[in-house]
Every structure is written in C-alpha cells, then in structure tokens.
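Work through the exercises below with the sequence and the 3D view side by side. Try each task before you read its solution.

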Amino acid sequence: MNQTNMSSPSLSSVQSLPPISPTTSLNRTLRPPLPAYGSTTVVQRRKLYIICAERSTKTSRRSPDDYHATLKALNSKGRFPRKSLGQHYMLNSDINEQLSNAAGVEEGDLVLEIGPGTGSLTNALINAGAFVLAVEKDKHMAALVSERFASTGKLKVLTEDIVKCHVRSHMSSLIGSIKQMVPETRYAKVVSNIPFNISTDVIKLLLPMGDIFSNVVLLLQEETALRLVESSLRTSEYRPINILVNFYSDPEYIIKVPRTEFFPQPNVDAAIVTFKLKSATDYPQVSSIKSFFSMVNSAFNGKRKMLRKSLQHMCTSLEIEQALRSINLPDTSRPEELTLDDFVKLHNLIVKSSI
C-alpha cells in the first residue's frame with residue numbers, strides 16, 4: 001500500500017471511526033498506512049484508525065466512495081476483511097466509475113453485483129440510475145450494504161453464495177417486474193469486483209446467460225484477465241475456459257488496476273474485463289452444446305496426448321485422424337493446437353461419424 005505524508009496542515013487529529021462526518025472526504029494521495037492483512041492489529045480486532053481531511057466545498061449529491069468511505073463503513077460495524085472469502089475492498093471511486101461505464105450502465109438498468117462488500121461499487125451503480133441485485137455471501141456485509149441503501153429503493157440483497165445461487169430464476173423474476181414499468185427492457189448487466197478465487201466459477205456460470213445479460217464486466221486478477229482475453233495456441237495457458245469464453249462472448253481487456261487500490265492489498269494486480277455476451281443464434285453451430293464441451297474437456301484432460309488418443313471414447317482413432325485431416329490439421333494434433341472454430345468442426349464431424 002502506498003505510504004503518504006501526514007504533515008499537511010489541513011489534517012485534523014487522529015481519531016477512531018466512527019464517528020466521521022459524512023461531509024468529509026480524503027484525497028487519495030493522503031492515505032495513511034493500513035494495517036497489514038493478517039497482522040496482530042487484525043487478529044486482535046482492534047479498531048482501525050485513519051486521519052481525516054476536512055473538505056471546504058459542499059458534498060456532491062453523487063458522493064463517490066473511496067478510501068475514506070470504505071474504512072468508515074467497515075469500522076462502523078467492526079468488520080475486517082475475511083481472507084477465507086477473498087475480500088479485498090476497492091479504495092478508488094474512479095475504478096468503480098470505470099466498471100460502471102464499461103458496462104454502459106444507464107438509468108433504469110438492472111445490474112447484478114457479486115460481493116458488494118461496503119457498497120462502494122453499488123454506490124456508483126445506483127448513482128448511474130441502476131437497480132441492483134447484490135449477492136453477498138457474508139451475512140454481516142449483506143446487512144451493512146442493505147442498511148446503507150435502504151432509503152433508495154434501488155437495491156435488493158441476497159445473502160447467498162453466488163456459485164450456488166439460482167441466478168437465472170432471480171434475474172428473470174426481476175426483469176419481469178421491471179418490464180411492467182419499462183416495457184422496452186430486454187437485458188440486464190453484471191458489474192462486479194469479485195473475489196479472485198471464484199472468478200472461473202463465476203465466468204462459467206454467467207457467460208452462457210446471453211438471454212438474460214448483455215454485458216458481464218468483472219474486475220479480475222490481471223494474469224487471469226490476460227489469459228482469458230489474449231490466450232494463444234500452443235501454450236500451457238490455453239485451456240477449456242478459453243474455448244468457453246469465446247464460444248459465449250466477445251471478451252475485451254479494458255484497463256489494469258494496481259494492487260495498491262485495494263484493502264487489504266492483494267499480492268497481484270487486477271484488470272477490468274468486459275464480456276459482451278452472444279445470443280444463442282450467434283453461438284458457433286454445434287449439434288449439441290453439452291456434447292461439444294464434453295469433447296473439449298476430454299481433449300484437455302489428456303492435454304499431452306494426441307486427440308486421436310484422448311477422444312477414443314467418442315469414436316475410433318482412425319475416424320479422429322480422418323476428421324482432423326479433413327479440416328486441414330495433422331492427425332497428430334493435440335488440444336492446444338486447435339482454435340474454437342477447429343473444435344467446432346471436429347466435433348460436428350465426429351458426432352456425424354458416430355451416428
């Protein structure tokens with residue numbers, strides 16, 4: 001975390017949070033050092049302390065969430081980030097705005113947010129005019145964010161684990177309700193700063209929902225973001241998730257987010273990635289999506305094996321070799337050498353030959 005100079009004459013004395021006036025803010029260049037994650041300060045559950053900077057101008061109606069607001073929210077409930085839940089809170093309101101803007105959030109939109117935490121991103125989404133369905137596994141943070149935005153009428157919080165949540169059912173119900181007020185409403189959006197350790201599960205869950213969502217915008221570990229968006233053939237980073245991402249969406253890397261923008265500071269940088277979801281009519285044409293991904297997973301389960309070996313449960317080695325040659329690939333091909341289009345063609349040929 002960036003260290004800061006505390007000698008400014010505009011700073012008041014050190015005080016515990018709360019109380020802090022809602023009309024104060026903290027310039028991000030004046031952050032005090034935060035307690036190390038896992039330090040005795042956290043273990044003993046002592047209160048966090050910050051230095052408050054007074055602001056001479058009036059508070060904006062659309063007040064941003066930043067370092068000051070996040071720490072205030074945590075301290076108000078005596079909460080500390082939980083490592084087991086991968087909780088890392090965003091301290092920069094500009095990043096929250098960029099997440100919202102990347103999804104094109106507008107007045108009347110319905111947005112799914114995963115892990116709202118103290119509500120810093122929620123604040124940006126509601127300021128943009130969205131109604132937010134937030135899924136928060138931590139019951140204490142769910143209560144905090146529910147209380148914070150209770151007066152807006154723009155937030156519904158589900159205290160659930162997103163990977164076990166019936167997202168389609170909840171979203172379909174809400175979309176139906178909103179359509180009664182705004183008939184032209186068609187799709188919802190996902191905008192989230194998700195725990196890095198569930199990113200793959202979340203992507204697998206959401207990307208096939210092109211009938212519900214138009215855009216999925218996530219703050220991911222940068223290494224994961226690059227692997228999903230800029231994966232290349234013939235590398236160890238090329239995996240079934242790359243096939244899934246491109247089958248269901250058009251991904252785009254937006255911007256890198258330094259690790260210093262989070263509390264507690266993670267060991268890696270992050271990045272904003274958008275996934276523009278495809279409708280079913282735009283999916284690659286396969287005879288069976290379930291069968292297609294079953295074949296892809298089988299191929300990568302034996303990643304070092306040639307496809308004529310790893311796919312023998314679908315048809316004979318000879319038939320696989322013939323199918324590969326018919327799409328201008330060597331009969332010794334391995335899974336990391338095939339593009340999405342290659343897998344689609346191979347699947348359709350193998351399924352056809354096995355009928």
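**Exercise 1. Is R239 buried, exposed or partly exposed, and which side chain does R239 meet in a salt bridge?**

Step 1. Fix the scale: buried is under 20% relative accessible area, exposed is over 50%, and partly exposed lies in between (1.4 Å probe, protein chains only).
Step 2. R239 has 34% relative accessibility, so R239 counts as partly exposed.
Step 3. Find the partner: the side chains of R239 and E237 form a salt bridge at 3.6 Å, N to O. A salt bridge needs a side-chain nitrogen of Lys or Arg within 4 Å of a carboxyl oxygen of Asp or Glu.
Step 4. E237 is partly exposed too, at 32% relative accessibility.
Step 5. Widen the view: a network of salt bridges links E223, R227, E237 and R239.

A note on the model. It is predicted: local features need pLDDT of at least 70, side-chain atom pairs count only at pLDDT 80 or more, and totals for chains, interfaces and linings use all residues. Residues are numbered from 1 along each chain as its sequence is written, and side-chain values use heavy atoms, with hydrogens and water left out.

**Exercise 2. Which parts of the chain do the salt bridges K137–D161 and D211–R168 link?**

Step 1. Start from the total: the structure has 11 salt bridges.
Step 2. Take K137 and D161, whose side chains meet at 3.6 Å, N to O. K137 sits in the loop between β5 and α5, and D161 in the loop between β6 and α6 (167-181), so this pair ties together parts 24 residues apart in sequence. Helices (H or I, at least four residues) and strands (E, at least two) are DSSP runs, numbered from the N terminus.
Step 3. Take D211 and R168, which meet at 2.5 Å, N to O. D211 is in the loop between α7 (199-206) and β8 (213-221), while R168 is in helix α6, 43 residues apart.
Step 4. Check exposure: D211 is partly exposed at 47%, and R168 is partly exposed at 35%.

**Exercise 3. How do β5 and β6 pair, and which unit do they make with α5?**

Step 1. Strands β5 (131-135) and β6 (155-158) pair in the parallel sense, over four bridges. Two strands pair if DSSP finds at least two bridges between them.
Step 2. Locate one position: L133 stands opposite K156 in β6.
Step 3. Add helix α5 (139-148): β5, α5 and β6 make a right-handed β-α-β unit. Right-handed means that, with the strands pointing away from the viewer, the path from the first strand over the helix to the second runs clockwise.

**Exercise 4. Which residues of α3 are buried, and where do they lie around the axis?**

Step 1. In α3 (93-102), the buried residues are S93, I95, N96, L99 and S100.
Step 2. Down the axis, these buried residues fall within an arc of 160 degrees, so they line one face of the helix. The arc is taken from the directions from the helix axis to the C-beta atoms.
Step 3. Their cover includes β8 and β9 (249-257).

**Exercise 5. Which residues does L206 touch?**

Step 1. L206 is in helix α7, and is buried at 0% relative accessible area.
Step 2. Leaving out residues up to four places away in sequence, L206 touches L112, I114, V167, V190, F213, V216 and L277. Contact means heavy atoms within 4.5 Å.
Step 3. Turn to F213: its contacts beyond four places in sequence include L206, Y187 and K189.
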